[in-house]
Amino acid sequence: ALNSRLASDGSIIDFQSDNLIGSLEANFDVREAPDLIAGLFENPGQPAKHTGLTDQSRNLKFDLQLTNDKPLKVLNNNIEHASDLKLTGFFNEEDEVLEVSANTGSFSGFGLSLDSVGAHFQLQQNMVDGELLISNIYYDTLNLGDLDFHVFSEDSANAVSSFSLKRDSLV
């Protein structure tokens, strides 16, 4: 099922299929979104006045959920299993914020298996903050542990990142 309304004063898209459920809501015509989002990345870490954005107060939020692994298996037959994937986010032009989160449970394929993946990315004015957490990673039978990657920048000139791979073992 698909329900949509695209107009200059706002957009709403709701859809549901056997494999995908989603919603998107915006106070502008979402057909403008690619140019709007691209403007944020032309000069990352620079104020919006340098990205070509308007003085409008456009907002967008979305929520997508892949409810089974069939579409992924069609894309690549090396994927053995993938649990539900949830992708959420929002954009607020006035506050100059773009935030995206993705979460999934177990995955196996390409010789890898893992229990969960969580990712979060935020771009706000001059600040960038991103994190990737993967738990219980195995390559074939080798337990690699948990991965934690974080990157943070308060301005366009400096960034701090950390990467860790942790493994608890009684052996």
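Begin by selecting Asp140, which counts as exposed at 54% relative accessibility. In this predicted model, Asp140 is located in the loop that separates strand 11 from strand 12. Its backbone merits inspection: Asp140 has a positive phi of about 50°, although it is not a glycine.

Next, select Tyr139. This residue belongs to strand 11, residues 127-139. Tyr139 is partly exposed, its relative accessible area being 43%.

Extend the selection from Tyr139 to Leu112, Leu142, Leu144, Phe149, Phe163 and Leu165. Together with Tyr139, these residues form a nonpolar patch on the surface, with about 640 Å² of accessible area in total. Colouring by strand is useful here: strand 12 (142-153) and strand 13 (160-166) each contribute at least two residues to the nonpolar patch. Strand 12 provides the largest share, three residues.

Now move to Phe110, in the loop between strand 8 (107-109) and strand 9 (112-114). Phe110 also is not a glycine, yet has a positive phi, of about 60°. With a relative accessible area of 44%, Phe110 is partly exposed.

The last stop is Ser101, in strand 7, which covers residues 97-104. Is Ser101 buried or exposed? Ser101 is buried, because its relative accessible area is 17% and the buried class lies under 20%. Display the side chains of Ser101 and His120 to see the polar contact of 2.6 Å that joins them. To view the surroundings, add Lys86, Leu87, Thr88 and Ala119: Ser101 touches these four and His120, when residues up to four places away in sequence are not counted.

Notes. Residues numbered from 1 in each chain as written. Predicted model: local features only at pLDDT ≥ 70, side-chain atom pairs only at ≥ 80, totals over all residues. Heavy atoms only, no water. Patch = residues over 30% accessible without salt bridge, like charges linked within 9 Å, V, L, I, M, F, W, Y side chains within 5 Å. Areas by Shrake-Rupley, 256 points an atom, 1.4 Å probe, with all protein chains shown as cover. Salt bridge = Lys/Arg side-chain N within 4 Å of Asp/Glu carboxyl O. Helix = DSSP H or I, 4+ residues; strand = E, 2+ residues; numbered from the N terminus. Buried < 20%, exposed > 50% of the residue type's maximum accessible area, 1.4 Å probe, protein only. Polar contact = N/O pair within 3.5 Å; in protein donor to acceptor, adjacent residues only side chain to side chain. Contact = heavy atoms within 4.5 Å.
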